[in-house]
Amino acid sequence: MALLRPLINQMSTKLPHLLGPGGFLQARREGASYMVENRPYVPSLIVDLNDETTVVNAAKVILSCAGGYKADIETKSIRNTATAKASIMSGGLTNALFRVDIDDGKQHSVTSLLVRIFGAEGMIDRDKETANFARLCNAKGSVVHSQLDYLGRFGNGRVETLIPNMRAATICDLHEKEDLVLEVTRQMARLHYGFDIPDYLPISSGVEEGENNCCQPQPVLWDVLASWNDELITKISQACSSDLRLVNIFCSALFGDTVQLNSIAAQDDDDKRESALTEMMSHIAKQLNRETRWIQDHVSEHHPDAPIAFCHNDVNAGNILVDGRLDSGDSSCYDKDSVATIDYEYGALNYTMYDMANFICEHCGGNDNGIPDYKVMPSLELQRKLVQEYIQERDRVMDNAATKHVGEYEEVTKLLSQMQTFQMVSHLYWGTWGILQGASELLDGEYEIESIKSRIVGELDIDSWENLRYGKNRLDRYRKHKQSMLETGQKQMSYLYNSG
């Protein structure tokens, strides 16, 4: 606490205010604390995952100055007698999550917070993501859950409110509770059509942040895939430089095939060996970029007017909270108060039907063992029902009641066709993500080279999240989806639901 009190006193003074992602950048450049998006940002405050005391301190520092933004939070006790404890929360795939309970000694006056320690370093723009989250919370009630809020940010994470009585949804919830799935669908429609695109987000390719333009919004999907492809090649090259066997392992995961390594291994000259490996990496890069270009061209050709809006981009069971008090009650009570979509870290401009398609794919799970079960993919009939619900909620948000039923059948069919294509895109997107995460884990020394092949094919009995195996399985599904689509034609959409 000796180091905590001076920092709290410093934060108690009025801080200058900044806006947007640039505000976080300016604070770091100046090495100073600022109010960014009307919430405190303390870049010098770093949390150590192995020291829960630092987790508690971060929560106290942020909470001590959040009262200026969130007036209903009692902050005086943070400076004197408050006690606090931290406990690890499950459910975070990318981030480490802690629950912090702060007790000022008064009856019924415990404040519970969520402390999120950022993961996936380099893959997510945390300045933009946190600014987006602040704007979403400002629009709460109409876009996000009324009790979901962002309180402030520190060097390697942030502090959020913890919604009471909530638990993480499960894959079984998605399969068994249709009313829950319908509410999540409505929440996506409210996000897409009820949230104003922040002014700092470029809405067309090549436009700098903050510039005014009236161009058609452009999805981030293709730029993200291109950047992941580049990063993946770099990391695979680094990993394979120590063991050429990894070239085959990664090629098998990425493309479903292997390459001939004899010509590389036979090189007794280090320079020639390195040159041959570089050539192989160039070949892999061309294949990755060729696949990304193909699917992008396919979307442009078949769905040129696919709607684009601000999307969540990662709606899965782990990012859905449900009121646990309804577990033994009437599931028809699932609504905006009893269901919360959370974790908007991948949120960005994107195709609205990609958001829906990705949610459909997430019904198959795989986040626990890296093996999605495609036999439980929602039926085409259920997907049609979800699209109908989406359209009705979109029209309600946009006050289009007068045209609610005009051409509804045609629009449902059109959006459903887009969903089938974007399910394929989802497999490519998260498949690439999984392989990239697997390469990062290997370079970080989390897995030994000798065991990685058996891990990727699922031969080892393991409990941990297996990114590499997950990436391979999603890419295998992408190839199957693509092949079936090319064989049956774009208009035939039932092929994926006749077999697992």
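A crossing of two helices is left-handed if the near helix is turned anticlockwise from the far one by less than a right angle, and right-handed if clockwise. In this predicted model, local features need pLDDT of at least 70 and side-chain atom pairs count only at pLDDT 80 or more, while totals for chains, interfaces and linings use all residues. Residues are numbered from 1 along each chain as its sequence is written, and side-chain values use heavy atoms, without hydrogens and water.

**Sheet**

- Eight strands (DSSP runs of E, at least two residues, numbered from the N terminus) make up an open sheet of mixed pairing, ordered 1-2-3-7-8-6-5-4.
- Strand 1 (17-18) and strand 4 (83-89) each have a single partner strand and stand at the edges, so one side of each lacks a neighbour in the sheet.
- Two bridges join strand 1 to strand 2 (residues 34-36) in the parallel sense; pairing requires at least two bridges found by DSSP.
- Within this pair, His 17 is opposite Met 35 of strand 2.

**Helices on the sheet**

- Helix 2 (residues 20-30) packs on the sheet and touches strand 1, strand 2, strand 3 (39-42) and strand 7 (150-154), contact meaning heavy atoms within 4.5 Å.
- Helix 4 (residues 126-138) lies across strand 3, strand 7 and strand 8 (157-161), at about 165° to strand 7; angles run from 0 to 180 degrees between N-to-C directions.

**Helix 6 and helix 12**

- The axes of helix 6 (residues 178-194) and helix 12 (residues 380-397) come within 8 Å, crossing at roughly 40°.
- Helix 6 passes helix 12 in a right-handed crossing.
- Contact residues include Val 181 and Leu 182 of helix 6 and Leu 382 and Leu 386 of helix 12.

Conventions: Helices (H or I, at least four residues) and strands (E, at least two) are DSSP runs, numbered from the N terminus.
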